[in-house]
Amino acid sequence: PVSRPTKVPRALRRHRRQSGTARAQMGTSVVALRLSRALGSRPAASLAISATATVLLAVIALVAGNFSIAADNAGWYSRGTTLADRHVQLLRLFDWDWSDSEYSGCGPSISADCWAQEPRRLSEEKCTRTRSSDLTVIYRAKQSDADLLSPDLLRQVCELESEAIRVLRAGACQPPSSGCSAVRGGECLAPVSVVSLLRDSLGWELACADLAADPATVRLAEALGLVGYDYTADSPSTRTLAAVFPLVRDSALDFLLEVHHAGTLRLASANVDTAYGMWRRDDFRDAVRDEVLFSDMALVYGSLVVSLVCVLAYTRSLFLSVVGLLQVCFSFPLAFFCYSIVCRLDFFPFLNFLGLFVIMGIGVDDLFVVVDKWSQAARSLPPGSDVPTIAAVAGPDAALTMLLTSLTTAAAFFATAVVPVAPVRVFAIFMGFMVLADYLLCLTVTFSAVCLQHRWLQRAPSSRRARCLLSLLDFSRCSSRPPQEAAAPRARVLERLMSGPMHIAVHRGRFVLLALFFAALGLCVWQVANISPPSSTAVQLLPESHVVERYETWKQDFAEEDSSEMFVVWGLTPGDTGDHNNPELVTDLLADLDWDPSSREAQRWLLDFCNATASDPAAPRATDIGCPLRDMDDWLVDSAAAGQPRCGGASRLPVPPDAFHPCVEEYLSSEDRYSWYMGMRTYRGRLVALVASYKVVINFDSSYEQVRDTVDEWEGWMDTQNKGAPDGVRGGFFTSARVHWWDTNRSMLLGAYYSIGAALAVVFVVVLLATLNPLTTVYATVSVGTVLLLVIGTVLGMGWELGFLEGICFAILIGLSCDFVLHMAHAYTSADQPTRELKSRDALARMGPPVFAAAMTTLSTGLVMFGCTFVFFFQFGTILVLTMLYSILTSLFFFLPLTNAAGPTGRCCSLAPLCAKGRASGGADKEASTQQARAAEPETGQIRQSL
């Protein structure tokens, strides 16, 4: 046995007998003790130094990292997956600058237009020509079986269109061309609509009540894309019509935003609703969404005021509340330092700004832990103990308690970085750094502030006036009766409530609580087990009632139902050489080095592939709409029939191998054909890429399972065809924008599942290392899993689907669901009590108050987000409230009933004896060096030995 050093402080010897936590801190490093005592000895200097260093690092990060408030909102698609690699190559092919770029080099970035669906071609008549930036108003009947071409509804549409015309003004609308109809006294070109076409034929003087639908005019409007696809020759009725108002391109967006803010285009009649937007561009939609986003962000950050009030109520100190809020806020620039300076990440999406809101819940929890640990240490030590002594007891205990939750939460966020969607991946990395930065700030800045406040309060005069001046430090100091200087501070009301009535209720009702929780858990497991994939891969960002969201939904009535294009590509190799963490750094165009379609066998096989894919019963259900080589073959046949043979006299494909590439060039150069449209790309006289297109029965509103089945069908078909293809054309692959978006949704869901599994694994490892008790570890892991299952089961019961936005919310949820249970597990294990009931009571008394206060603070800020318009913020607020609610309920009424009923006591299920044997085998050799170290550092040795 090691002899006790002399002159051990009496306060610490007494604390060793009283405190249950002290014995658990035996393995705490000397560094933690020395740091805590140093901070307690010079709290003012420590606070000044740590705050200055924090500010300097924050300034360096914000300046050197080129930080800006304008967050990027791009990159919401998967990268690095097989399906994603295929589609980015197709996009790169369409976007490649063939005149200025080398075939194997880097080209310009992908433009936003490449991602948009190719619009339907319109008539080239000058009076009915529309531009992508034109104002479009969609009329939709309120009743699903109503017909807008009926006389009464057509009259209402005409009246609504007249009101929309009055909104136009000179300078914003397109001036009329010669011979075209005009409105507003000749200032503006008449809109392209059914009403305008009818008036062109019947007369513009005709009143709206006298208009009648003419079948020939309606068919012309249908050709222009102004009539919904529910209109057919057999059923000449439609629920949806559109009107396109020509605008001046340069001022179109500003004009639309102006009338949107004024509300002058919010038109409706008794039976017809309207929505408006841009004809073929997303500028107006994106601008309105950005306005709503930043408006909601102001409300989100305004909820931080609610957090400040809650912190103020719990700490009873304006000084500590402000320091705690600064601790949370400065974790943002410190994390940005690691994010931008250390990791060299340049892309900063708007999702990262939510990190400040998420860290509020984690930072408040850490602040409450420090305050409570200090209060408990002050009460366990003799009255009048100095600040360094209290700091030596409270510091290591608080550091270890926060370390467990910080490591687990940071690891859970870092695990979410496996999601191959850039904004979610970098958000996970940024949040991991924020959690660690908050932990370091809490150990230095906040702990120094607590030490400084205690010293100020100890040295304060005893007069009531002086105490009231110090009420900014502690509200309880300003009271009618001065506190007894020699008396030990009393426990807080919340702590007395937890150790008294709450503990009695938990202990006596432990079996009932466990039965209720297991019943709820079973219901949620059943709900999760029967989860169905999302019914649609579309993402709704605004409420259904919002005009922009209505426009995005209603414009689908003008697209062919259940159809989109699938592309088959030859000549390229799937891959993505760009930076997957930055959407602006796109891939190079990767050539298929084995691609050579010049042989007769290859030409014949490519022709047969088009026919087989469109007609073979074994092929996926598709309609051929673009086969380049078949069109080229028809061109050769028609030229030969007209007596104008091409390509050296060839009458059709296949042509001789040496004539194939020159023949392609001749075909593309004739009759003003464009290689992009024809699905052919040539480079230096050779065909380097070939694209065939097919119409398939999926779109953005198709169900998850429908797109998955289509992908499986095309995978099987392409594998079969490539195996039988001749040399030179075996590298074909399929892709489409719908498939890529489905892959993004799938990646989000799989990433969420993986992150949940990784978080549970991290919880298991951290709790096991901290407690050395497998039974407590199992209880904690099951409890965290219970929180996740309860939240997921609840939102599924509310009718949610695990789609794209929900996957983002759950990625955030994972990092917030571990803290409270880990606090209780650590407190239970470190409690030096003989029975499980007393250990549970001690854990509830010591960690119940900060856990409960942190949950209520974060929950109250989440409730503020219910006032947001952005659907994501509303869903995030819902997830946050449910997570906090179930976390506190699970930690108090599931984990503690488990420990009350069958918790480990003494050395039961503990691995500590095994570790002690390992340490004992080498302990004798280190005895002399240990005594020498303690003799050299008597103060630290005394504290460590006493603990």
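I take a charge to sit over a ring if NZ of Lys or CZ of Arg is within 6 Å of the ring centre and within 35 degrees of the ring normal. The model I examined is a predicted one.

**Entry 1: charges over rings**

With that criterion I looked up Lys839. Its charged end sits over the ring of Tyr828, at 5.1 Å from the ring centre. I then turned to Arg86, which lies over the face of Phe734, 5.0 Å from the centre of that ring.

**Entry 2: Phe734 and its aromatic partner**

I next asked which residue forms an aromatic pair with Phe734. The partner is Trp714; the centres are 6.0 Å apart and the planes make 35 degrees, a tilted arrangement. I noted that Trp714 belongs to helix H23 (residues 704–723), whereas Phe734 belongs to strand S10 (residues 733–735). The pair thus links distant parts of the chain, 20 residues apart. I also checked whether the two residues are buried or exposed. Trp714 is buried, with a relative accessible area of 0%, and Phe734 is buried at 1%.

**Entry 3: aromatic pairs across the structure**

I recorded 28 aromatic pairs from a search of the whole structure. One that I examined joins Tyr314 and Phe368: the ring centres are 4.4 Å apart and the planes stand at 40 degrees, so I entered the pair as tilted. Tyr314 is part of helix H10 (residues 283–315) and Phe368 is part of helix H12 (residues 354–380), so the contact ties together parts 54 residues apart in sequence. Tyr314 has a relative accessible area of 9% and is buried; Phe368 is buried as well, at 0%. I separately listed one aromatic cluster, formed by Phe332, Phe336, Tyr339, Phe348, Phe353 and Phe430.

**Entry 4: packing of H12 on H28**

Since Phe368 lies in H12, I followed that helix to H28. How are H12 and helix H28 (residues 836–864) packed, in angle and in distance between axes? I found an angle of about 155 degrees, with the axes 9 Å apart. Angles over 145 degrees count as roughly antiparallel, and H12 and H28 are therefore roughly antiparallel to each other. The crossing of H12 past H28 is right-handed.

I then listed the residues in contact. On the H12 side they include Phe357, Gly361, Val364, Asp365, Phe368 and Lys373. On the H28 side they include Ala845, Arg846, Met847, Pro849, Pro850 and Thr857. I note that Phe368 thus appears both in the pair with Tyr314 and among the H12 residues that meet H28.

Note on methods
Residues are numbered from 1 along each chain as its sequence is written. This is a predicted model: local features need pLDDT of at least 70, side-chain atom pairs count only at pLDDT 80 or more; totals for chains, interfaces and linings use all residues. Side-chain values use heavy atoms; hydrogens and water are left out. Rings of Phe, Tyr and Trp (its six-membered ring) pair if their centres lie within 6.5 Å; planes under 30 degrees apart count as stacked, over 60 as edge-to-face and the rest as tilted. Helices (H or I, at least four residues) and strands (E, at least two) are DSSP runs, numbered from the N terminus. Buried means under 20% relative accessible area, exposed over 50%, partly exposed in between (1.4 Å probe, protein chains only). Axes are lines fitted to C-alpha atoms, for helices over the stretch in contact, and angles run from 0 to 180 degrees between N-to-C directions. Angles under 35 degrees count as roughly parallel, over 145 as roughly antiparallel, 65 to 115 as roughly perpendicular and the rest as oblique. A crossing is left-handed if the near helix is turned anticlockwise from the far one by less than a right angle, and right-handed if clockwise. Contact means heavy atoms within 4.5 Å.
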